[in-house]
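Reader: I'm in my first year and still learning to look at protein models. Could you pick one part of this one and take me through it slowly, then show me how the rest fits around it?

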Amino acid sequence: MLNRFYKNQRGASSILVIILMVVLLVFGLAVLTTTLSNVRLGESKRAWLQDYYTLEALGEEQIAFYDTLLLEAALEARDRVSHVTTAESDSQFYKMAYTNIYMELVNDKLYNLMDDSENIILTWLDPDPSAYMPMALTFSVELPDSDYSKYLQITMGILGAYDDNLSDDLVFNERYVLTRHTQQQSTYLLDESIEFDDPFEEDSTSDNPFDE
């Protein structure tokens, strides 16, 4: 009787099919989860690259803007020096006069911009206008329409009129050099503080359980 029960194998194939389907379902879910994770990672990387190149483009625009301002100051300084009388036409004298006028114009132009923007910091590094780097300009470019603040901080070292940088015809070889060019983002702060009402305040509860 017992042997006859063990010899009856009806339904065994159905159990194997069910087990096989469960195994395939688990593998399918694992593959689906991995695929979705890769898709999300790809989207995050694509968004990060887009933000990166957007910030780089905005930073290059600002650098070009300030370089144009330096060029305008240089041309204006040359125009002013050109009105010096021929009796004082000494090359070294011209360079000294040009250097002082140029740095004064640069200082005035940048300070005028500082009145309209809080993202500009101008620092005098050396009082000598003919030094290698008399001043430095630091500014930041923020990414618009971002979930949390991403910004690019740039420092332009404004080069002076030292011998190797200023030609005899009063033309700068280099007007600036980048000393800092870093991308950053503001720290995300999670506010986990829980505010509880004071049960003894009249505004928080109408009935004080300790009053009799």
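Author: Let's start at V141, which stands opposite L152 in strand 3. Right beside that pair, E142 faces Y151, again in strand 3. Keep in mind that you're looking at a predicted model. These pairs belong to the meeting of strand 2, residues 135–142, with strand 3, an antiparallel pairing that runs over eight bridges.

Now look at the other neighbour of strand 2. Strand 1 and strand 2 also pair in the antiparallel sense, this time over five bridges. One place to find that pairing is I121, whose bridge partner in strand 2 is T138.

So is strand 2 enclosed or open to the outside? Six of its eight residues are buried, so strand 2 is largely enclosed by the rest of the structure.

Zoom out a bit and you get the whole sheet. It's an open one with four strands in the order 1-2-3-4, paired antiparallel. Strand 1 (120–124) and strand 4 take the edges, and each has a single partner strand, so one side of each has no neighbour in the sheet. Going from one strand to the next, the twist averages 15 degrees.

What packs on this sheet? That's helix 3, residues 91–116, which touches strand 1, strand 2 and strand 3. Its direction makes about 150 degrees with that of strand 1.

Helix 3 has some charged side chains worth following. A bit of background first: side chains of opposite charge can pair when their charged atoms come close. In this model there are five salt bridges. One of them joins K95 to D168, with the closest N and O atoms 3.4 Å apart. K95 sits in helix 3 and D168 in the loop between strand 3 and strand 4, so this pair ties together parts that are 73 residues apart in sequence. The two ends have quite different surroundings: K95 is buried, at 15% relative accessible area, while D168 is exposed, at 68%.

Stay in that loop for a moment, because L170 is there too, between strand 3 (150–158) and strand 4 (176–185). L170 has a phi near 60 degrees, which is a positive value in a residue that isn't glycine. With a relative accessible area of 9%, L170 is buried.

Back to helix 3, and to K109. K109 forms a salt bridge with E76, where the closest N and O atoms are 3.9 Å apart. This pair links distant parts of the chain, since K109 is in helix 3 and E76 is in helix 2, 33 residues apart. E76 has another partner as well: the side chains of E76 and R80 meet in a salt bridge at 3.2 Å, N to O. E76 and R80 both lie in helix 2, four residues apart, or about one turn of the helix. Put together, E76, R80 and K109 are linked in a network of salt bridges. How accessible are its members? K109 is partly exposed at 22%, E76 is partly exposed at 32%, and R80 is partly exposed at 41%.

Helix 2 also meets helix 3 through L69. You'll find L69 in helix 2, and it touches K109, L110 and L113, leaving aside residues up to four places away in sequence. The C-alpha atoms of L69 and V106 are 7.7 Å apart, although 37 residues separate them along the chain. L69 is buried, with a relative accessible area of 8%.

For contrast, slide along helix 2 (residues 12–81) to V23. V23 counts as partly exposed, at 36% relative accessibility. V23 helps make a nonpolar surface patch of about 510 Å², together with I15, L16, I19 and F27.

Last, step right back to the whole chain. It has three helices and four strands, and along the sequence they follow the pattern α-α-α-β-β-β-β. Of the 212 residues, 24% are buried. The chain exposes about 15800 Å², and carbon and sulfur atoms supply 55% of that. Among contacts with a separation of 6 or more, 57% are between residues 24 or more positions apart.

Key
Residues numbered from 1 in each chain as written. Predicted model: local features only at pLDDT ≥ 70, side-chain atom pairs only at ≥ 80, totals over all residues. Heavy atoms only, no water. Helix = DSSP H or I, 4+ residues; strand = E, 2+ residues; numbered from the N terminus. Buried < 20%, exposed > 50% of the residue type's maximum accessible area, 1.4 Å probe, protein only. Patch = residues over 30% accessible without salt bridge, like charges linked within 9 Å, V, L, I, M, F, W, Y side chains within 5 Å. Areas by Shrake-Rupley, 256 points an atom, 1.4 Å probe, with all protein chains shown as cover. Salt bridge = Lys/Arg side-chain N within 4 Å of Asp/Glu carboxyl O. Pairing = 2+ DSSP bridges. Axes fitted to C-alpha atoms, helices over the stretch in contact; angles between N-to-C directions. Contact = heavy atoms within 4.5 Å.
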